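Please walk me through this structure, starting from a single residue and working outwards to the packing of its elements.

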Amino acid sequence: MEEDGRSPAYQPLTLAQLSALLVGTDESRRWRLVAEFLEEFRWERPRTRGEMLAGG
């Protein structure tokens with residue numbers, strides 16, 4: 001939560017953020033994170049998909 005009591009706006013994970021999360025984690029968690037990224041990617045608009053891959 002932010003200081004004003006509201007939750008921050010949802011932002012899909014970028015590929016760069018995903019790669020940082022994968023470092024040093026066990027194999028089971030890595031697969032779960034990859035699956036979650038792909039599920040988010042599947043539901044996003046084409047423009048957002050490009051941003052997710054570009055890291056923007």
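In which helix is phenylalanine 41 found? In this predicted model, phenylalanine 41 belongs to helix 2, the element that spans residues 27-43. The chain around that element has 3 helices and 0 strands, and its elements, read from the N terminus on, follow the order α-α-α.

Phenylalanine 41 has a relative accessible area of 22%, and it therefore counts as partly exposed, since the buried class is reserved for values under 20%. When its neighbours within four places in sequence are left aside, the residues in contact with phenylalanine 41 are Arg49, Met52 and Leu53. Its C-alpha atom also lies 8.8 Å from that of leucine 13, although 28 residues separate phenylalanine 41 and leucine 13 in sequence.

Within helix 2, phenylalanine 41 has an aromatic partner. A search of the whole structure finds 1 aromatic pair, and that pair is formed by phenylalanine 37 and phenylalanine 41, whose rings are stacked with 6.2 Å from centre to centre and 25° between the planes. Because phenylalanine 37 and phenylalanine 41 are 4 residues apart in helix 2, about one helical turn separates them. Phenylalanine 37 has a relative accessible area of 5%, so it is classed as buried, whereas phenylalanine 41 is partly exposed.

The contacts of phenylalanine 41 lead on to the packing of helix 2 against helix 3, which covers residues 46-54. The two helices pack at an angle of about 150°, and their axes are 8 Å apart. On the side of helix 2 the contact involves Phe37, Glu40, Phe41 and Arg42, and these meet Arg49, Met52 and Leu53 in helix 3. By class, the residues of this contact divide into 4 nonpolar, no polar and 3 charged. Both members of the aromatic pair, phenylalanine 37 and phenylalanine 41, thus appear among the helix 2 residues that meet helix 3.

On to the other packing partner of helix 2. Helix 1, made of residues 15-22, packs with helix 2 at an angle of about 170°, with 10 Å between the axes. That angle makes helix 1 roughly antiparallel to helix 2, because angles over 145 degrees are counted in that class. The crossing of helix 1 and helix 2 is right-handed. Here Leu15, Leu18, Leu21 and Leu22 in helix 1 meet Arg30, Leu33, Val34 and Phe37 in helix 2, and this contact has 7 nonpolar, no polar and 1 charged residues. Phe37 is named in the contact with helix 1 and again in the contact with helix 3.

What is the exposure of alanine 54, a residue of a later part of the chain? Alanine 54 lies in helix 3, and with a relative accessible area of 68% it is exposed, because the exposed class takes in values over 50%. Its C-alpha atom is separated by 8.0 Å from that of alanine 16, with the two positions 38 residues apart along the chain.

Finally, the chain as a whole. Of its 56 residues, 16% are buried, and phenylalanine 37 is one of the buried residues. Among the contacts in the chain with a separation of 6 or more, 43% are accounted for by residues 24 or more positions apart.

Technical notes:
Residues are numbered from 1 along each chain as its sequence is written. This is a predicted model: local features need pLDDT of at least 70, side-chain atom pairs count only at pLDDT 80 or more; totals for chains, interfaces and linings use all residues. Side-chain values use heavy atoms; hydrogens and water are left out. Buried means under 20% relative accessible area, exposed over 50%, partly exposed in between (1.4 Å probe, protein chains only). Contact means heavy atoms within 4.5 Å. Axes are lines fitted to C-alpha atoms, for helices over the stretch in contact, and angles run from 0 to 180 degrees between N-to-C directions. Angles under 35 degrees count as roughly parallel, over 145 as roughly antiparallel, 65 to 115 as roughly perpendicular and the rest as oblique. A crossing is left-handed if the near helix is turned anticlockwise from the far one by less than a right angle, and right-handed if clockwise. Ala, Val, Leu, Ile, Met, Phe, Trp, Tyr, Cys and Pro count as nonpolar, Asp, Glu, Lys and Arg as charged, and the others, Gly among them, as polar. Rings of Phe, Tyr and Trp (its six-membered ring) pair if their centres lie within 6.5 Å; planes under 30 degrees apart count as stacked, over 60 as edge-to-face and the rest as tilted.
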